[in-house]
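Reader: I should be grateful for a close look at one part of this structure. Please take the largest pocket, and describe what lines it and how the surrounding helices pack.

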Amino acid sequence: SASLAPGPAAAEFRPASTLCLVLTVLLGLQVFFDAAMAIVGVMELSFYKQGYTFAEFDVPDEALMVALASIGLFAFQFLTYIPPVVIFCVWNYRVYKNVLSLGTSRLQHAPGWAAGAWFVPILNLFRPYQIMQETWKGSAPRNLRREGEAYRRPVGSSLIGWWWATWLGSNFLNNIAGRMSWEAEENLDLLKAATTVSIVSAALSFVCGAFAIMIVRGITANQ
């Protein structure tokens, strides 16, 4: 809902420090895997440039190890993707709802959208960013006012802007890389292009994860 969502007369504040700690660890793991994927991608690209497609049986042992490492990292990252997503949504909901008890009587959106907006097509391109900015403004001590709604007037966090830009960029490039890899088969030029795009995507995801950790810790500390 784009309309103002009224909050209860006396909103209950629920600390998010435990969620912050768990989320920091989980996001840290994802950042580690992003860095590893980028490094392995660079190594894969070097073998593609030498003419190997990994579809052959006479590839060097080093190339085989790189291919196995890539598959292993992808599988492990996929298996560990769900926990941080769930914890992040729970944390996002809690800190957004906490804003009601930190100097404002109502929110721009219903608290449930802090988690739900991530799963709605089109809406997930901008609403999570808007909610994160509102949470940041409502949590920063210098922005709190007795008037209740004054926190909406200060400029939002540029960190959140960069986080959102890297998030969108990483996902966009990852989709492109996936499509290119699917169509490439043994086409070396397409494989090299797809791997290059994948490396950039992993690098952006690494930066995005680092920004996310800073935002999670910053908002939690301010509250």
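Author: What follows describes the pocket and then the helix pairs around it. The model is a predicted one, and the values below are computed from it.

The largest pocket has a volume of about 1600 Å³. Its lining is made up of 43 residues, and those closest to the centre of the pocket are Asp34, Gln77, Tyr81, Asn174 and Ser205. Five elements each give two or more residues to this lining: helix H1 (17-49), helix H2 (61-79), helix H3 (82-98), H6 and H7. Of these, H7 gives the most, with 11 residues. By class, the lining of the largest pocket consists of 26 nonpolar, 14 polar and 3 charged residues.

The packing of these helices may be taken pair by pair. Two packed helices are described by the angle between their axes and the distance between the axes.

The pair H6 and H7 comes first here. Helix H6 spans residues 158-184 and helix H7 spans residues 188-222; their axes come within 7 Å and cross at roughly 155°. Because angles over 145 degrees count as roughly antiparallel, H6 is roughly antiparallel to H7. The crossing of H6 and H7 is left-handed. In the contact between H6 and H7 there are 23 nonpolar residues, together with 8 polar and 1 charged.

H7 also packs against H1. The angle between H1 and H7 is about 160°, and their axes are 8 Å apart. H1 and H7 are therefore roughly antiparallel to each other, and H1 passes H7 in a left-handed crossing. The contact of H1 with H7 holds 19 nonpolar, 9 polar and 5 charged residues.

H1 meets H2 as well. The axes of H1 and H2 come within 10 Å and cross at roughly 150°, which means that H1 is roughly antiparallel to H2. The crossing of H1 and H2 is left-handed. On the H1 side, the residues in this contact are Gln30, Phe33, Asp34, Ala36, Met37, Val40, Met43, Glu44 and Phe47. On the H2 side, they are Glu62, Ala63, Val66, Ala69, Ser70, Leu73, Phe74, Phe76 and Gln77. Divided by class, the contact of H1 with H2 has 12 nonpolar, 3 polar and 3 charged residues.

Two residues link this last contact to the pocket. Asp34 in H1 and Gln77 in H2 take part in the meeting of the two helices, and Asp34 and Gln77 are also among the lining residues closest to the centre of the largest pocket.

Definitions and conventions: Residues numbered from 1 in each chain as written. Predicted model: local features only at pLDDT ≥ 70, side-chain atom pairs only at ≥ 80, totals over all residues. Heavy atoms only, no water. Axes fitted to C-alpha atoms, helices over the stretch in contact; angles between N-to-C directions. Helix = DSSP H or I, 4+ residues; strand = E, 2+ residues; numbered from the N terminus. Parallel < 35°, antiparallel > 145°, perpendicular 65-115°, else oblique. Left-handed = near helix turned anticlockwise from the far one by under 90°. Nonpolar A, V, L, I, M, F, W, Y, C, P; charged D, E, K, R; others polar. 1 Å grid on protein atoms, 1.4 Å probe; cavity = no way out; pocket = protein on both sides within 12 Å on 5 of 7 lines; lining within 4 Å. Points joined across faces, edges and corners; volume = space filled by probe spheres on them. Contact = heavy atoms within 4.5 Å.
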